[in-house]
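Let's work through a few short exercises together. Have a look at the sequence and the 3D view first.

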Amino acid sequence: MKDNLLEINNLNVDFETFDGTFSAVRNVSLTLGNNDSIGIIGESGCGKSTMAFATMKYLAKNAKSSGSILFKDKDLLSMSEREMEQYRGNRIAMVFQNPYSSLNPSLTIGYQLDEVSIFHKKLDRTEARKASIEALQMMNISEPQRVVRRYPHQISGGIQQRICIAMAILCSPDLMILDEPTTALDVTTEAVILDSLKELREKLNMSLIYISHDMGVINKVADRIVVMYNGEIVEHGPKEQLFDHPSHPYTRALINCMPRGGVVKEETMLNTINGYVKRRGNQDVGCPFADRCEKRNATCENTYGMRVVGQSHMAACDRAYATDITDTKHLLKEKPVVEQQVFEDRPLLEIDNLHKIYGSRRKVYAVNGIAVSVAKSSVLGVVGESGCGKSTAAHMVAGLYKPSKGSILFDGSDISIAWNKRSPDMLKRIQLIFQNPGNSLNPSHTIEQIIGRPMKRLMHIHSAEERRKKILEMLKKVDLGSDYIKKKPRQLSGGEQQRVAIARALSISPDLVVCDEPTSALDVSVQASVLNLLNDLQQETNSTYLFISHDLNVINYISDYIMVMYAGKICEYGKRDEIMAPPFHPYTEALLSSIPETDPKKQKKPIRLGGQLPDPGKKPKGCPFAGRCHRQVGDICYKEFPPMVRLSGSHYIYCHHNFSEK
């Protein structure tokens, strides 16, 4: 134990509910050394966060825990609340997934940071404020003296998350636990935070436990990876070994689910994992993954158990590449023949000089004159950081916002008006899928009512029997059984809710579907399933997608064309393969460099963007990216908006840089 900072031995966490007792963590054992880092990976419901909460003794009253969690030889599970105060925040710090719920909206950032030093280190107000500013500087936050005077709502989500990490390092903890802190962040912000964590670990001689469902993110900060499924550790070892030679079928399936560079919809169908993570009774025994495993055979239950499979590499099963059962081949559906040239000559959607300005006294310039056309039966991927105007532009197309200026033509008709002034036929032809399915589905309605409502209102199918027949057909298409028809959204998982949202949008055969980050909140396994589904349905119906995301791997997989936006302007537009290969706009280059690699041997250094996003309250002048650009050519970048540089018939960039020099 002398070399280990943390040692978890046979940890069990059970929850008593009205439906009985279920096991959230079972017989988990792991060790963490000094200045060591472990990544914990798995789907939602696999017990990752519960294990972290048990370490902090943050468990709910209906939880029962057993085993031991030794931190520097002291058992945390046996400590009282008063004793734990000496450890929480002081020796062990935790950073949560959602910074909005971690920060008090009614207190300034400085006050909340100072509180930590005053409570744990007994500093006075002046010393505490000095320590707070130093912590913000360590997190590479510019102008910390101004930031400490602001409230949480006055700063971006990425800065909020860095403030939460700054709060965690104020007491120089020995251990920091991070529970998916970058899941909802842009790739550029994520890259900055992950780099900052690596630097902090070296500077403070700190150990890390990083929880995520994204193998690429884990690779950036962890030396070893622990794979959890249904409350158990099913495999752990050095990240290189785990990626090159996964032994457990779940580990292999999880890695294969992720869309990676070079994987595109025309060539590859994403791997998926059948079924979902089920609640496990505390009396259930055997392999927890057996009901979803494609490599299961008659000897599995007898031989299941942790064993050595390599140097410092252990797994509960070694059948990931078993040859006695053939790998399932995910075959692409045959794409219908489409006369692409005809569609390109007459676009379905034409946007010209589109602006959106919020407010009257203090104006916010959200979209600043974008122009683009979308071909029929194609997918336009829209990518950019939070606040770049991609969702605002999409919501104007869908009719949720009315443009301040400019025009939107849909199949030749002007739709630059609010949704309630559009004809029923136009409402039917354009549908929207939101980022958060839980908030977009009526909680008091059944799935039948949710999918059937647009059929009744927009397709005028008044026969309940006819609607039900079509709803059952639609549920089958999105891989949901007929038993879902009477369920309500709260009875469904996040992935199932998103499938219902997709079924509702496509049930009335729209021509254009606006997808606003439909996979950003999902596990990689569910994300793969949803992307395959969207791809298949688009091929079947020849519908057009406007697909918004900040994940370039997802955009690369599903898109035919890509539009890169920054601060309400278009930076670059072109066919997918043109955007993903140089020459790039400097901003596209920074985005691509920040994508986390799933293969730990292929790590690349991200381009760090200095400065901040331009103030949306000021009318844009010059190139909006000038203040952060690593390829500035001089004062012209700040004074004049860059010209369009055509690199091919379908590929153009707005930039002052001379791309012929590359």
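**Exercise 1.** Which residue of β22 stands opposite M563?

This is a predicted model, where local features need pLDDT of at least 70, side-chain atom pairs count only at pLDDT 80 or more, and totals for chains, interfaces and linings use all residues. Residues are numbered from 1 along each chain as its sequence is written, and side-chain values use heavy atoms, with hydrogens and water left out.

Step 1: find strand β22, residues 569-575, which pairs with β21 in the antiparallel sense over six bridges. (Strands are DSSP runs of E, at least two residues, numbered from the N terminus; two of them pair if DSSP finds at least two bridges between them.)

Step 2: read off the partner: Y573 stands opposite M563.

Step 3: check the link. β21 and β22 make a hairpin with two residues between them, and A567 in the turn has a positive phi of about 50°.

**Exercise 2.** Work out which strand runs parallel to β21, and how β21 is covered.

Step 1: strand β15 (residues 379-383) is joined to β21 by four bridges, and the two run parallel. Here G381 stands opposite I562.

Step 2: take the faces one by one. Y561, M563 and M565 are buried on one side (under 20% relative accessible area, 1.4 Å probe, protein chains only), and I562, V564 and Y566 are buried on the other.

**Exercise 3.** Find the edge strands of the sheet β2-β1-β4-β5.

Step 1: this open sheet has four strands with antiparallel pairing.

Step 2: β2 (20-33) and β5 (74-75) each have a single partner strand, so one side of each lacks a neighbour in the sheet.

Notes: Buried means under 20% relative accessible area, exposed over 50%, partly exposed in between (1.4 Å probe, protein chains only).
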